[in-house]
Structures are given as structure tokens and as C-alpha cells.
Amino acid sequence: MAKIPTYAIDQNDLALLQQDFATVEQMAANTEASETNAAGLLAQTLDQMFTFGQKLRADERAMAAFFAARRIKLNKTTSENPYNGLVKLAFSDRVKPAMRSKYARTLHYAHDSKFNRPIRDWLAESGIEDCYRKASEHFGGPKSEINALAREKQIALGQKALDGLTASAPFSLSSPVAGPYVRAIVRLNEDGMTGEIASVLETNDAEWDRIFAGYSSPQAGLHAHLAGYPLLPLFRAIDLVSGLAPAVSKGDTIILRTVDGSTVVEFASTAYSFRTARMVLALPIAEFPVDSTLGISVSDARQFAQNYPLARDWAIVSNNNGRALQSAALSMSFVLGAVAGGLNVGNFSGQKSKHFTLPWSALRIIGNAKLLQSKADATSGKRPPARLEMIVDGKTLSVSNAVHQLATLHFLNLRTAGATFAEHRNLALFDIKALADTLNDYERDFDGYFVEHDTPDAALRLEHSFDQDRLMISVPLVINARMSYSLACEAL
């Protein structure tokens, strides 16, 4: 172990620092031991620690000497926020690292904000969780603030979902308990079906938030938070279409055009056979010229979708390049330029057959599953084509890796029983992974059907409405080992 250097400082001054910090350590120990007033003692402890930390900040040599004596190296992180080191020294390992990090970040925020009130009063009034949230927003910038607001929506959505669930018949408690929910220990009988509550556990607000959040997702909270943002339908369309766009060729573009008075967002490519997505907005975008066709590269479209939640001032503006998606707050601009020739878009014609529902539960499982991913061939080093066999069992359809024969996963529910498919029809793994990864964020079931085109069972197709905006997705079926796609396209 490298020796931590010592720093020249009067030993009496160092002894006084050690004595002052011993008070902080004792207060931290009392806080950990308390079962009735932990929040109040924590406020007093952190107040005393803040005062001690400010004393160290006033003399960098004293700070270095104090930490050196405690075997803590004074690096950049500790120098900028000495509370990282002080919290580590004062609190035992029984306090979880995440909580110790919250204490240090909260005190750093108090210093950075130049508080002119006692820290103990602020903590006593707001609580450590709310104080930490403000600290995270302060240091994290717009993204952290958006994440915090989205989490509030996530918690509300999770509680709403929990309201609709039940695992047992109604029962009575021996004594009333306040609140719409309790956290309890249930003692089960031998039959595994009946039981009784053995103990009701005390649960604070932060614990309830974590419980409720588990019944939703950060993405659902974010989408709920975005309600009322400008250009929200356009963002959602670009987010979905760009997420489903395959990497086919350099000229691939997300196009925005007016068709029969409606704004259409879809993927265009120089290729003739590809996965495709189209969104028809219920209300046209007024800033688009009538009968115009504008384009944005797939990479720019994905950048826009990633940064859209960080600002409320996104607008379509005119500039020297024509039009652009712009946010002054983020200093970002994405050109909506003229579309090059030779592009093709998906043709959504064809006869509908074998209607189904694709449940969100299946999207979530497949989006997270690693069992279906293709692995490099051990002998040749080449990656074989990854196909998914479709296995029909009654009214359900499952997929299994046709090359490596790994796990079989439930995929969709057919509306009618006894459906059959043409021979040698498979799904491409990368198509279904893209579908699951993109649609999973929206936490909803999707309706669809298989389409008869030039050949039987040419493609799997989804249709869904978001606030009357119509999403259409077409995923071709793999026909024979050459993986030629049967999906007709049309020139843009």
C-alpha cells in the first residue's frame, strides 16, 4: 500500500480538529443506534458535520493533514467535497453506501448553494430524501431534474397499477391500520392458499415510493411527464420510427411529408427490402409546407429523440438551410432538409390474415432476453444468420432461435385457434429485438396481423393509435435460408 503523505501543521491544531470530529462521530453513532428519533438526530449530526467541513475548507493544509491522519488520501473528489471523506469516517458500514452518498451530496449542495440557515432546520423540515433530490437536481443539470420529475409520475403510475391488483379475497384485521396500504408479513398455512397477517411493518414514505415505482418503469414515468410538451406527437413519431429503422445504407432518412392533409413520419431507404415504420399524425404540423417532403438523418433523429425531454422550447424554425428542429435552451438544432432521390418507403398494402395481440409482457421479456441472441460460430468465427422459428400452440405463438435452438419464449396471442403458416417462414432476430427494444418503453399491448402479399405470410404487421396518431410497423418474414425478404416497397 502506498504511504499517505503527512502535512506540516501544528500538532495542537490537529489535535483540536480530531477532538471536534470526535463529537461528530459520537453524534453519528447515536443516530445509528436510535430507533425513535433517527431523523432528528441525523439532522443534528449532519449540521455538526457541515460546520466541521466548512472549517476544513477554510484551510487546505489543515484539511490535508486531518485526512492524512485518518488514512484518507486527499484527492480531487475529496478536496471538492470533503463530506465524502467525513461521512465515510463518521458512519459505520451498517449504513448503506447509497445513504452515505446521499448525506455527502446533500452537504455539498448546502455548501455550493451558500446556505444562510442552519442545516439541521432545513433537514428537519424537508427530510433527507427531499434535500438529496434538490442536490441531485442542482449538480445533475436538466437531465437529473427531468429524471426526478419523471420518477414522481412513475410512482403515481405504479400506485395506480397496484390499485388494480389483488392476490386474495377480502379479509379483516384485528385492529384498524391507517393508510390505503400496509406492508406486512403474511404467515401462510400448509395449503399455500390461505394465511393471516402476522405483523404490520412500519414503512416510511421513501419505502412506499420504491414499492410503487416497482409497478411501473422510468420510461412510463418519462412519457407521462412529457404531456403538454411542444411538438410531443412529432417527438413520439420520430422516437418510434427512428428506433425501428434498421441500419441498411448510408442514405437512410427519416422523412416528414404531407399526405392527404396529414403529416406522415416514416423511414426511407435506398434499399428495397427492409423493416419499416410509419406514423400518421392526427393533426398536421402547421409549420410544414403543404405537399412538402423534408428529411432528417437517422442519427440526427435519434439525437433529437434523446434530447427532447431536456427542454420545453423545441420548435420548428426557418433558417438558411430551410427548416430545423431547434431548442435555444439546449443550443441544439437539427436540419430538416431536402430529401435525396432514389429513396423507397414501405408499402402497407396486402391482405390481412391471422390477427393477434402482442402483449407488453412479451415485449419486455424478449427485449431483455439474452438467450435468443446469436453467438459467433465456434469453427468458422462467422456469425450465422439468426432466425426465430415460429411455434404455434393453440392460440399462442412463440419464438425460438432456429440456429442455436436456445430457449423458447412466448411472443403473441392469436385471435383464432388453429392458425397455420406457410413452410419456411421465420422471423429475423434483429427485427424482433428492435421491435421489443423500441415498443417496450411504451408499456402497452399492440394489435396486429400477418399479411398476405406476393407470397403467403409475407410480413408481421402492427397497427396502434397513440392519442389518435396512427402507428404502422411492418416486419418481413424470413423466407428460406437466403433470408430474402418478401416486402414490397414503393418509390418516395
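Here are some questions and answers on the aromatic rings of this predicted model.

Residues count from 1 along each chain as its sequence is written, and side-chain values use heavy atoms, leaving out hydrogens and water. Since the model is predicted, local features need pLDDT of at least 70, side-chain atom pairs count only at pLDDT 80 or more, and totals for chains, interfaces and linings use all residues.

Q: What makes two rings a pair, and how many aromatic pairs are there?
A: Rings of Phe, Tyr and Trp (its six-membered ring) pair if their centres lie within 6.5 Å; planes under 30 degrees apart are stacked, over 60 edge-to-face, and the rest tilted. That rule gives 20 aromatic pairs.

Q: Why is the pair of Phe21 and Phe52 called tilted?
A: The centres sit 5.2 Å apart and the planes make 40 degrees, which falls between the stacked and edge-to-face limits of 30 and 60, so tilted it is. Phe21 lies in helix H1 (residues 11–33) and Phe52 in helix H2 (residues 38–57), so the pair ties together parts 31 residues apart in sequence.

Q: How do you know whether Phe21 is buried or exposed?
A: Buried means under 20% relative accessible area, exposed over 50%, partly exposed in between (1.4 Å probe, protein chains only). Phe21 has 0%, so Phe21 is buried.

Q: What makes Arg364 count as lying over the face of Trp360?
A: A charge sits over a ring if NZ of Lys or CZ of Arg is within 6 Å of the ring centre and within 35 degrees of the ring normal. Arg364 lies over the face of Trp360, at 4.2 Å from the ring centre.

Notes. Helices (H or I, at least four residues) and strands (E, at least two) are DSSP runs, numbered from the N terminus.
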